Amino acid sequence: MTAAALPRRTGAGPLADGYDVHELLYRLLSRPWLCLAVVSPDQTPNTLRLANSLAELGTQQRRHPVEVIDALQLDLEQSTALAHRIESQKDVHNAERRVVIALESPIANPVAIGVLRVADAVLMLLKKGVSRIPEARKIIKIVGRERLIGAVLTVD
(Lines give C-alpha, C1' and ligand atoms only; values in the text may rest on other atoms or scores of the structure.)
Protein backbone atom coordinates (compact mmCIF):
# COMPACT_ATOMS: atom_id res chain seq x y z
CA MET A 1 0.00 0.00 0.00
CA THR A 2 1.35 3.40 -0.83
CA ALA A 3 1.36 6.35 1.49
CA ALA A 4 -1.81 8.39 1.57
CA ALA A 5 -2.46 11.78 3.08
CA LEU A 6 -5.33 11.86 5.53
CA PRO A 7 -7.11 15.19 5.85
CA ARG A 8 -8.97 16.02 9.01
CA ARG A 9 -12.63 15.33 8.59
CA THR A 10 -14.82 18.40 8.97
CA GLY A 11 -18.47 18.67 9.83
CA ALA A 12 -20.65 16.76 12.23
CA GLY A 13 -20.69 13.02 12.43
CA PRO A 14 -19.18 10.13 14.29
CA LEU A 15 -15.68 10.79 12.97
CA ALA A 16 -15.73 14.58 13.36
CA ASP A 17 -12.65 14.58 15.62
CA GLY A 18 -10.83 11.85 13.73
CA TYR A 19 -9.37 11.25 10.33
CA ASP A 20 -11.34 10.41 7.22
CA VAL A 21 -10.18 6.83 6.88
CA HIS A 22 -12.78 5.35 4.53
CA GLU A 23 -10.45 4.52 1.65
CA LEU A 24 -7.65 3.44 3.99
CA LEU A 25 -9.94 1.10 5.92
CA TYR A 26 -11.20 -0.60 2.76
CA ARG A 27 -7.64 -1.19 1.64
CA LEU A 28 -6.67 -2.53 5.05
CA LEU A 29 -9.67 -4.86 5.25
CA SER A 30 -8.71 -6.40 1.93
CA ARG A 31 -5.57 -7.80 3.60
CA PRO A 32 -5.62 -10.57 6.23
CA TRP A 33 -5.06 -9.32 9.79
CA LEU A 34 -6.63 -9.65 13.20
CA CYS A 35 -4.24 -7.32 15.02
CA LEU A 36 -3.09 -4.08 13.39
CA ALA A 37 -0.43 -1.96 15.10
CA VAL A 38 -0.32 1.75 14.30
CA VAL A 39 3.10 3.20 15.01
CA SER A 40 4.88 6.47 14.32
CA PRO A 41 8.53 7.44 14.55
CA ASP A 42 7.34 10.62 16.28
CA GLN A 43 5.91 11.10 19.74
CA THR A 44 2.45 12.14 18.61
CA PRO A 45 -1.09 11.79 19.89
CA ASN A 46 -2.11 11.34 16.25
CA THR A 47 -1.18 7.66 16.50
CA LEU A 48 -4.08 7.05 18.88
CA ARG A 49 -6.30 9.36 16.85
CA LEU A 50 -5.70 7.29 13.70
CA ALA A 51 -6.22 4.01 15.58
CA ASN A 52 -9.51 5.31 17.02
CA SER A 53 -10.70 6.50 13.59
CA LEU A 54 -9.93 3.12 12.00
CA ALA A 55 -11.63 1.18 14.78
CA GLU A 56 -14.70 3.40 14.86
CA LEU A 57 -15.29 3.22 11.13
CA GLY A 58 -14.37 -0.47 11.08
CA THR A 59 -16.99 -1.17 13.72
CA GLN A 60 -19.61 0.78 11.75
CA GLN A 61 -18.79 -0.86 8.41
CA ARG A 62 -18.28 -4.44 9.57
CA ARG A 63 -20.97 -4.44 12.28
CA HIS A 64 -18.51 -6.20 14.54
CA PRO A 65 -16.57 -4.33 17.22
CA VAL A 66 -13.02 -3.36 16.39
CA GLU A 67 -11.20 -2.86 19.68
CA VAL A 68 -8.67 -0.07 20.20
CA ILE A 69 -5.81 -0.50 22.63
CA ASP A 70 -3.92 2.59 23.75
CA ALA A 71 -0.40 1.27 24.24
CA LEU A 72 1.43 4.57 23.91
CA GLN A 73 3.11 4.38 27.31
CA LEU A 74 3.97 0.72 27.78
CA ASP A 75 6.27 -0.65 30.39
CA LEU A 76 7.85 -4.09 30.11
CA GLU A 77 5.17 -5.85 32.16
CA GLN A 78 2.33 -4.29 30.13
CA SER A 79 4.08 -5.10 26.86
CA THR A 80 4.52 -8.74 27.82
CA ALA A 81 0.90 -9.06 28.97
CA LEU A 82 -0.43 -7.40 25.82
CA ALA A 83 1.72 -9.55 23.53
CA HIS A 84 0.51 -12.68 25.36
CA ARG A 85 -3.13 -11.55 25.08
CA ILE A 86 -2.80 -10.97 21.33
CA GLU A 87 -1.12 -14.34 20.78
CA SER A 88 -3.83 -16.16 22.75
CA GLN A 89 -6.60 -14.42 20.76
CA LYS A 90 -5.02 -15.62 17.53
CA ASP A 91 -5.39 -19.19 18.73
CA VAL A 92 -9.16 -18.72 18.90
CA HIS A 93 -9.27 -18.02 15.12
CA ASN A 94 -12.16 -15.60 15.39
CA ALA A 95 -11.95 -13.66 12.12
CA GLU A 96 -14.63 -11.26 13.32
CA ARG A 97 -12.57 -9.97 16.26
CA ARG A 98 -10.08 -7.33 15.23
CA VAL A 99 -7.82 -5.14 17.34
CA VAL A 100 -6.04 -1.89 16.47
CA ILE A 101 -3.17 -0.98 18.78
CA ALA A 102 -1.68 2.52 18.99
CA LEU A 103 2.01 2.13 19.84
CA GLU A 104 4.90 4.41 20.61
CA SER A 105 7.93 4.33 18.40
CA PRO A 106 10.08 1.31 19.24
CA ILE A 107 13.03 3.67 18.92
CA ALA A 108 11.72 5.83 21.78
CA ASN A 109 10.32 2.89 23.78
CA PRO A 110 11.97 -0.46 22.92
CA VAL A 111 9.39 -2.46 24.93
CA ALA A 112 6.95 -1.73 22.09
CA ILE A 113 8.95 -4.20 19.97
CA GLY A 114 7.34 -7.14 21.79
CA VAL A 115 3.87 -6.01 20.75
CA LEU A 116 4.97 -5.10 17.22
CA ARG A 117 6.30 -8.63 16.74
CA VAL A 118 2.94 -10.27 17.50
CA ALA A 119 0.86 -7.91 15.38
CA ASP A 120 -0.27 -9.37 12.05
CA ALA A 121 0.21 -6.07 10.27
CA VAL A 122 1.74 -2.68 11.00
CA LEU A 123 0.66 0.69 9.67
CA MET A 124 3.16 3.52 9.96
CA LEU A 125 1.98 7.07 10.61
CA LEU A 126 4.20 9.85 9.32
CA LYS A 127 3.70 13.57 9.78
CA LYS A 128 4.65 15.96 7.01
CA GLY A 129 7.50 18.23 8.03
CA VAL A 130 8.10 16.33 11.28
CA SER A 131 8.82 12.67 10.57
CA ARG A 132 12.35 11.84 9.59
CA ILE A 133 13.21 9.18 7.04
CA PRO A 134 16.05 7.55 9.06
CA GLU A 135 13.72 6.87 12.01
CA ALA A 136 11.01 5.53 9.69
CA ARG A 137 13.56 3.17 8.11
CA LYS A 138 14.62 1.93 11.54
CA ILE A 139 11.01 1.09 12.35
CA ILE A 140 10.61 -0.73 9.03
CA LYS A 141 13.70 -2.76 9.86
CA ILE A 142 12.33 -3.63 13.32
CA VAL A 143 8.86 -4.50 11.99
CA GLY A 144 9.97 -6.29 8.85
CA ARG A 145 8.83 -5.34 5.37
CA GLU A 146 6.56 -8.38 5.16
CA ARG A 147 4.34 -7.10 8.00
CA LEU A 148 4.39 -3.42 7.11
CA ILE A 149 1.00 -3.02 5.45
CA GLY A 150 1.50 0.61 4.51
CA ALA A 151 2.23 4.17 5.57
CA VAL A 152 0.02 7.18 6.08
CA LEU A 153 1.16 10.77 5.80
CA THR A 154 -0.75 13.32 7.86
CA VAL A 155 -0.71 16.88 6.67
CA ASP A 156 -2.48 18.64 9.55
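Biologist: What area does the chain expose, and what share of it do carbon and sulfur atoms supply?
Modeller: The chain exposes about 8,200 Å², and carbon and sulfur atoms supply 53% of that area. Accessible areas are obtained by the Shrake-Rupley method with a 1.4 Å probe, and for residues only the protein chains shown count as cover. The model is predicted, so local features need pLDDT of at least 70 and side-chain atom pairs count only at pLDDT 80 or more, whereas totals for chains, interfaces and linings use all residues. Residues are numbered from 1 along each chain as its sequence is written, and side-chain values use heavy atoms, with hydrogens and water left out.

Biologist: How many helices and strands are in the chain, and what pattern do they follow along the sequence?
Modeller: The chain has five helices and six strands, arranged in sequence as β-α-β-α-β-α-β-α-β-α-β. Both are DSSP runs numbered from the N terminus: helices are H or I runs of at least four residues, and strands are E runs of at least two.

Biologist: What share of the contacts with a separation of 6 or more joins residues 24 or more positions apart?
Modeller: Such pairs account for 79% of those contacts in the chain. A contact here means heavy atoms within 4.5 Å.

Biologist: Why is L103 called buried?
Modeller: Buried means under 20% relative accessible area, exposed means over 50%, and partly exposed lies in between (1.4 Å probe, protein chains only). L103 has a relative accessible area of 1% and therefore counts as buried. L103 belongs to strand β4, residues 98-103. Neighbours within four places in sequence aside, its contacts include A37, V38, V39, T47 and L116. The C-alpha atoms of L103 and L116 are 8.2 Å apart, with the two positions 13 residues apart in sequence numbering.

Biologist: What makes T47 and A37 buried as well?
Modeller: T47 has 1% relative accessibility, so T47 counts as buried. A37 has a relative accessible area of 0%, and therefore A37 is buried too. T47 is placed in helix α2, while A37 is found in strand β2, residues 35-39. Beyond four places in sequence, T47 contacts V38, V39, S40, L72, A102, L103 and L125. Under that exclusion, A37 touches residues including I101, L103, L116 and V122.

Biologist: How do you know that R147 is buried, given its place in the loop between α5 and β6?
Modeller: The relative accessibility of R147 is 17%, so R147 counts as buried. The loop that holds R147 runs between α5 (133-143) and β6 (148-154). With neighbours within four places in sequence left out, R147 is in contact with L116, R117, A119, D120, A121 and V122.

Biologist: Over the face of which ring does R98 lie?
Modeller: R98 lies over the face of W33, at 4.8 Å from the ring centre. The rule requires NZ of Lys or CZ of Arg to be within 6 Å of the ring centre and within 35 degrees of the ring normal. W33 is also among the contacts of R98, together with others including L29, L34 and E67. R98 is found in strand β4, and its relative accessible area of 11% is why R98 is called buried. The C-alpha atoms of R98 and L34 are separated by 4.6 Å, although 64 residues apart along the chain.

Biologist: Why are α1 and α2 called roughly perpendicular?
Modeller: Two packed helices are described by the angle between their axes and the distance between the axes. Helix α1 (residues 22-29) and helix α2 (residues 46-62) pack at an angle of about 70 degrees, with axes 10 Å apart. The axes are lines fitted to C-alpha atoms, for helices over the stretch in contact, and angles run from 0 to 180 degrees between N-to-C directions. Angles under 35 degrees count as roughly parallel, over 145 as roughly antiparallel, 65 to 115 as roughly perpendicular and the rest as oblique. The two helices are therefore roughly perpendicular to each other. H22, L24, L25, Y26, L28 and L29 in α1 meet residues of α2, among them L50, L54 and L57.
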